[in-house]
Amino acid sequence: MNSRHHRHLSVFSILLSLCLWAGTSHAAEPHEYLLSNGMKVLLVEVPKAPVATVQVWYKVGSRNEVMGRAGLSHMLEHMMFKGTAKYPKGSFSRLIRKNGGVDNAFTSQDFTAYFENLAADRVELALEMEADRMQGLILDNSEFQTEREVVKEERRLRTEDDPQGALVEALFAQAYLSHPYHWPVIGWFADLDAMSLEDLQRHYDTYYSPNNATLVVVGDIKADSLLPTIKHLFEPIPKGPSPKATLAVEPEQRGERRFLLKREAQVPFVMLGFRVPNYSSDDSYALDILESILSHGKSSRLYQSLVYDQKNSLAVGAEYSLMQTDPSLFYFYALVNPGAKVEAVEDALYREITRLQNEPPTELELQRAKNQVEAAHVFEQDSNFRHAMLLGQSESIGAGWRRVDQFLERIRAVTAKDIQRVAKQYLNPDNRTVGILIPQPPKAAEPQPTAAHAGKP
Amino acid sequence: MMATPTATGQFTRMRQWRSTCVLLLITAVASLTTSLHAADITPTKFTTPNGMTVLVLEQHFLPIVEIHALVRTGSAYDPPDKAGVANLVASLLDEGTTNRSSKQLAEQFDFIGGSLEAKAGEDFTTASARVLKKDVDLGFTLLADVLMHPAFPKHEFERVRSQIQGEIASDSDDPGHVAMKAFNQLVFHNHPYRWPVQGTEETVGKISLADVQNFYAKEYLPNQMILTIVGDLSVEQATALVQTHFGSWKKGNPQTRTTKKPAAVEKKAVQLIEKDLTQSTIVLGHGGISRNNPDYYAVTVMNHILGAGGFSSRLMDSIRDKQGLAYGIMSHYDARMLPGSFWVNLQTRTEATNQAIAGVLTEIKAIRDSPVSDQELSEAKSFLMGSFPLRLDSTAKLAQVLAQVEYYGLGF
């Protein structure tokens with residue numbers, strides 16, 4: 001596990017998990033329960049190693065924030081490690097580690113999730129502490145002041161000082177004008193500064209309750225014997241408010257939006273974002289296969305064309321975010337090979353899109369994409385953590401884990417004509433947002449390393 | 001885990017992987033007689049007539065097979081002034097063999113939804129294929145083809161070399177990478193460990209196709225390889241597959257390793273690199289120890305308490321939780337075949353740079369000056385031993401750990 005406790009899922013990473021969204025026919029089915037207070041419980045028995053992952057998913061992310069308070073969900077995620085009356089500050093992670101486990105959390109546009117990976121015979125400890133902080137969090141002002149600085153450092157690291165991270169942030173801000181996908185999960189500096197303890201308390205009281213949560217445990221457990229423990233720990237927690245689940249939809253885009261980001265960097269970066277439907281549309285299956293044909297593996301169209309043949313890109317890809325609460329983006333990215341022209345890369349991306357609109361993919365390509373989706377679905381279950389993530393995410397965004405089971409069948413039914421149709425319908429210029437990172441030379445002198453010299457730091 | 005597909009993200013991943021590895025191995029050893037057996041993950045081990053060490057572990061829960069080849073060569077054995085050869089060779093393995101073109105290899109792997117990844121490190125290089133059980137024969141066929149018959153076509157060599165040069169330029173947009181690169185050049189002066197595995201723009205430019213062919217011919221030998229197979233097949237099947245696909249590979253004479261230990265850093269050095277950024281990236285440290293140093297376990301526990309133990313480490317508590325100076329801070333003791341290095345890394349807002357450095361030095365001094373508390377010691381030990389099974393919870397992780405236990409000669 002890396003050193004970065006409490007991360008928020010970057011846009012890239014949320015999308016990465018999507019291509020692996022698939023059924024669970026090879027592994028045990030989840031045992032599903034609904035507690036009397038409305039909490040959903042999913043338990044999967046995987047006896048292959050004496051370990052388990054415990055994950056608590058809350059249906060709250062940056063989509064549940066308001067203008068001026070961007071980053072509140074993620075900030076609250078950080079504060080969730082600051083202690084309760086029973087487990088004071090610092091003791092949560094210390095106890096988990098003392099028991100040989102690791103813990104962390106992540107926040108996205110749609111959800112916030114907490115997890116503990118540990119030996120299967122220590123699952124109860126994790127459950128006990130998660131139940132405790134579902135209601136018992138102590139929000140302390142001086143802890144908040146310090147943690148706000150930590151989150152600002154996180155923002156500097158991920159966005160301010162990372163040219164590609166900065167471009168992704170700007171792309172969403174341009175593609176969404178009124179929907180909260182407009183602002184970044186980590187929030188803007190000004191919003192972080194404006195946040196108060198009261199904001200955090202209100203957010204916690206509104207969203208952290210059993211009826212807004214899903215508990216997932218995957219590993220070497222027995223559902224029948226674990227369920228009574230779970231009931232004992234979580235059922236005493238009273239049902240909370242029912243936060244509004246739906247948001248007004250972002251109006252249709254009418255015409256290309258285009259922007260440049262100029263900053264000190266070495267390598268240009270190009271992104272195209274197209275507004276597309278999510279899992280709730282039948283077109284999502286064809287879009288998922290389309291992503292695979294474009295971008296999965298070295299034989300995929302984008303790699304073969306831009307990296308291999310034209311040699312104008314160092315890396316290229318397409319990502320489709322079907323597993324989101326609200327419709328999101330199908331986007332393309334290319335890291336421009338130094339020496340190549342940005343315009344050539346952008347044009348090459350358009351040519352690949354046009355090709356798919358003009359002629360359907362070959363049967364071989366279609367079969368390859370389907371094989372990739374099916375194999376990925378088996379590989380996915382090799383990790384308890386990823387398996388649990390898949391279940392937690394599908395519940396949290398409103399799709400439900402059962403829809404995951406139907407996914408493979410729907411994928412198998414996609415035809416070459418479907419691919420061509422969705423390429424025409426969604427990947428059109430009026431529906432497109434284009435962002436380009438234009439590297440600027442260093443402000444000062446060339447950043448030559450100064451000669452090493454002896455001295456005190 | 002939460003990987004990003006950008007070049008920046010890949011570097012981060014690589015570094016994390018390396019530090020994770022160190023932990024894996026100590027725990028593997030600490031509990032070899034207990035956990036490895038208790039978890040029933042002792043592999044079947046044998047040596048083929050051409051000298052290849054083979055480890056097989058049956059895992060029947062899912063219909064997948066991981067075939068993991070570890071070759072005992074890496075960037076530490078790059079020719080002088082040509083840093084990056086080992087990496088270029090590894091990158092070219094799947095870019096054309098005497099039987100298949102680059103595109104044919106990609107198409108065959110992609111059609112079965114499998115994956116192939118070849119990666120050079122400082123001490124060793126790995127090439128892994130992951131396939132569904134039904135495709136295991138093809139998985140062996142393709143992995144054996146890229147390891148035994150790479151053709152190194154000239155146009156692929158030119159393309160991949162230029163691609164790597166582009167990636168090196170792109171890495172300059174990652175402050176963490178820039179700082180680490182500078183740190184390694186100071187701490188490993190005059191030693192092959194000083195260069196990034198991929199080389200530098202200058203050294204990569206000097207590499208010729210002949211360099212690549214020579215390196216491959218000298219270093220890629222069956223008797224320099226550990227082949228680890230984990231997954232849904234029997235030991236008998238695995239043995240037969242190894243014989244069929246790798247049996248014709250001719251044994252050779254391994255190179256004598258003359259690389260010396262890195263020399264000690266004699267005086268304190270500070271290097272500043274200016275960029276238009278909001279944070280300072282700080283890497284602070286010195287030379288380290290090798291994997292077989294008798295102090296390895298004491299160093300590992302010490303480092304865990306100081307800064308490798310995540311939230312419960314002293315550095316995290318002081319620099320992040322108490323002072324709010326950084327998002328992440330970690331200390332690393334990177335034990336390799338030859339002595340590696342020790343470093344602490346963090347990012348902090350520019351104006352807090354001195355405060356953060358002073359804070360780190362205070363913690364380093366404190367752990368040198370007085371013994372750690374009994375509680376810290378027992379908690380560190382219970383984590384390092386108790387977390388053992390977590391490190392083996394996927395087929396790929398199992399294959400990596402088994403291969404490295406064998407590589408470092410730790411014994412099963």
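Before looking at how helices lie on sheets, I note that two residues are in contact if their C-beta atoms, placed from the backbone, lie within 7 Å. The model I am reading is a predicted one.

**Entry 1: the sheet in chain B**

I began with helix α10 of chain B (residues 235-246), and found that it lies across β1, β2 (53-58) and β6 (225-231) of chain B, running at about 150 degrees to β2(B). Tracing those strands further, I came to an open sheet of six strands with mixed pairing, in the order β1-β2-β6-β3-β5-β4 of chain B. Its edge strands are β1 (44-47) and β4 (115-120) of chain B, each of which pairs on one side only. On average, and with direction ignored, neighbouring strands of this sheet are turned by 15 degrees against each other.

I then looked up one pair within the sheet, and saw that β3 (residues 64-71) and β5 (residues 125-132) of chain B pair in the antiparallel sense over eight bridges, with B:V65 standing opposite B:V131 in β5(B). Helix α5 of chain B (residues 136-148) also packs on the sheet, where it touches β3, β4 and β5 of chain B, and its direction makes about 160 degrees with that of β5(B).

**Entry 2: the domains of chain B**

Next I checked how chain B is divided, and found domain 1 (39-258 + 390-407) and domain 2 (279-372). The centres of these two domains of chain B, taken over C-alpha atoms, are separated by 31 Å. Eight residues of domain 1 of chain B are in contact with ten residues of domain 2 of chain B, and the residues on the domain 1 side divide into five nonpolar, one polar and two charged.

**Entry 3: the domains of chain A**

Turning to chain A, I found that its domain assignment gives domain 1 (7-234) and domain 2 (257-440), with C-alpha centres that lie 26 Å apart. Here 43 residues of domain 1 of chain A are in contact with 48 residues of domain 2 of chain A. Among the elements that give two or more residues to the domain 1 side are α1 (11-16), β3 (40-45) and α6 (163-175) of chain A, and α6(A) gives the most, with eight residues. By class, I noted 26 nonpolar, 13 polar and four charged residues on that side of domain 1 of chain A.

**Entry 4: strand β11 of chain A**

I looked next at strand β11 of chain A (residues 329-336), which is mostly covered, as eight of its eight residues are buried. One side carries A:L329, A:Y331, A:Y333 and A:L335, the other carries A:F330, A:F332, A:A334 and A:V336, and both faces are covered. Strand β9 of chain A (residues 269-275) pairs with β11(A) in the antiparallel sense over seven bridges, and seven bridges also join β10 of chain A (residues 313-320) to β11(A), again antiparallel. At A:L335 I found two partners, since A:L335 is the bridge partner of A:F269 and A:A315 stands opposite A:L335.

**Entry 5: helix α10 of chain A**

My last question was why helix α10 of chain A can be called largely enclosed by the rest of the structure. Twelve of the 13 residues of α10(A) are buried, so the description follows from that count; the buried residues include A:S284, A:Y285, A:D288 and A:E291. I also compared spans: at 1.5 Å a residue, the 13 residues of α10(A) (residues 283-295) should span 18 Å, which agrees with the 18 Å between its end C-alpha atoms. Just after α10(A), A:G297 takes a positive phi of about 90 degrees.

How values were computed: Residues are numbered from 1 along each chain as its sequence is written. Chains are lettered from A and ligands numbered from 1 in the order in which they are written. This is a predicted model: local features need pLDDT of at least 70, side-chain atom pairs count only at pLDDT 80 or more; totals for chains, interfaces and linings use all residues. Domain bounds come from an automatic or database domain assignment. Ala, Val, Leu, Ile, Met, Phe, Trp, Tyr, Cys and Pro count as nonpolar, Asp, Glu, Lys and Arg as charged, and the others, Gly among them, as polar. Helices (H or I, at least four residues) and strands (E, at least two) are DSSP runs, numbered from the N terminus. The expected span of a helix is 1.5 Å times one less than its number of residues. A residue is buried if 20 or more other C-beta atoms lie within 10 Å of its own, exposed if 12 or fewer, and partly exposed in between; C-beta atoms are placed from the backbone. Two strands pair if DSSP finds at least two bridges between them. Axes are lines fitted to C-alpha atoms, for helices over the stretch in contact, and angles run from 0 to 180 degrees between N-to-C directions.
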